[in-house]
Amino acid sequence: GYDSDHPRIELLKYKSLWVGRSWEPGDFLHERECLDRVRKAWRALRPLNEWARDHVGVSVRSAS
């Protein structure tokens, strides 16, 4: 549904976006530090989530 000469046509072909964060295995995985790291990483994504909400919108995919 976009013109073939759209300046971002290659990006418009993507259907999803994901972000990941990983850490080397360590004892922290069994301690409070793990939760703290996950929370910090999750909060760092807030600007991306807000941008997507404002410019892309909420998914309307059915749960079936």
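In the predicted model, buried residues account for 2% of the 64 residues of the protein chain. A residue is called buried here when its relative accessible area is under 20%. The accessible surface of the protein chain amounts to about 6,700 Å², and carbon and sulfur atoms contribute 53% of this area.

The overall dimensions were considered next. For the protein chain, the radius of gyration is 17 Å, whereas a compact globule of 64 residues would have a value near 11 Å. The C-alpha trace spans about 50 × 25 × 25 Å along the principal axes of the protein chain.

The secondary structure consists of three helices, with zero strands. Read from the N terminus, the order of the elements is α-α-α. Helix α1 covers residues 9-12, helix α2 covers residues 32-44, and helix α3 covers residues 46-55.

Several distances between C-alpha atoms relate parts of the chain that are separated in sequence. Two of the residues concerned, P7 and R8, belong to the segment before α1. P7 has a relative accessibility of 74% and therefore counts as exposed. From P7 to R46 the C-alpha distance is 27 Å, with their positions 39 residues apart in the sequence. R8 also counts as exposed, because its relative accessibility is 54%. The C-alpha atom of R8 is 16 Å from that of A52, a residue 44 positions away along the chain. A further residue, E31, is located in the loop between α1 and α2. With a relative accessibility of 48%, E31 is classed as partly exposed. E31 and P47 are 16 residues apart along the chain, and their C-alpha atoms are separated by 28 Å.

The charged residues of the protein chain comprise 12 positive and 10 negative charges. The mean position of the positive charges lies 4 Å from the mean position of the negative charges. When a salt bridge is taken as a side-chain nitrogen of Lys or Arg within 4 Å of a carboxyl oxygen of Asp or Glu, the count is four. Three of these are described below.

One salt bridge joins the side chains of K13 and E10, with an N to O distance of 3.1 Å. K13 is an exposed residue, because its relative accessibility is 52% and the class begins over 50%.

Another salt bridge links R32 and D36, whose closest N and O atoms are 3.4 Å apart. Both residues lie in helix α2, and because they are four residues apart there, about one helical turn separates them. The two partners fall into separate accessibility classes: R32 is exposed, at 53% relative accessible area, while D36 is partly exposed, at 38%.

A salt bridge is also formed by the side chains of E33 and R37, at 2.8 Å from N to O. E33 and R37 are again four residues apart in helix α2, so the separation is about one helical turn. E33 has a relative accessible area of 35% and is partly exposed. R37, with 26%, is partly exposed as well.

Nonpolar side chains were also examined at the surface. L17, V19, L48, W51 and V56 form a nonpolar patch there. Together these five residues, L17, V19, L48, W51 and V56, have about 510 Å² of accessible area. One of them, L48, is part of helix α3. The relative accessibility of L48 is 31%, so this residue counts as partly exposed. Membership of a patch requires over 30% relative accessible area, and L48, at 31%, therefore meets this requirement.

In summary, the protein chain has three helices and zero strands, and buried residues make up 2% of its 64 residues. The radius of gyration is 17 Å, against a value near 11 Å for a compact globule of 64 residues. Four salt bridges are counted, including those of R32 with D36 and of E33 with R37 in helix α2.

Key: Residues are numbered from 1 along each chain as its sequence is written. This is a predicted model: local features need pLDDT of at least 70, side-chain atom pairs count only at pLDDT 80 or more; totals for chains, interfaces and linings use all residues. Side-chain values use heavy atoms; hydrogens and water are left out. Patches are made of residues with over 30% relative accessible area and no salt bridge: like charges are joined within 9 Å, nonpolar side chains (Val, Leu, Ile, Met, Phe, Trp, Tyr) within 5 Å. Accessible areas come from the Shrake-Rupley method with a 1.4 Å probe; for residues, only the protein chains shown count as cover. Buried means under 20% relative accessible area, exposed over 50%, partly exposed in between (1.4 Å probe, protein chains only). The radius of gyration is taken over C-alpha atoms; the globule rule is 2.2 Å times the number of residues to the power 0.38. Lys and Arg count as positive and Asp and Glu as negative; His and the chain ends are not counted. The place of a charge is taken as NZ of Lys, CZ of Arg, CG of Asp or CD of Glu.
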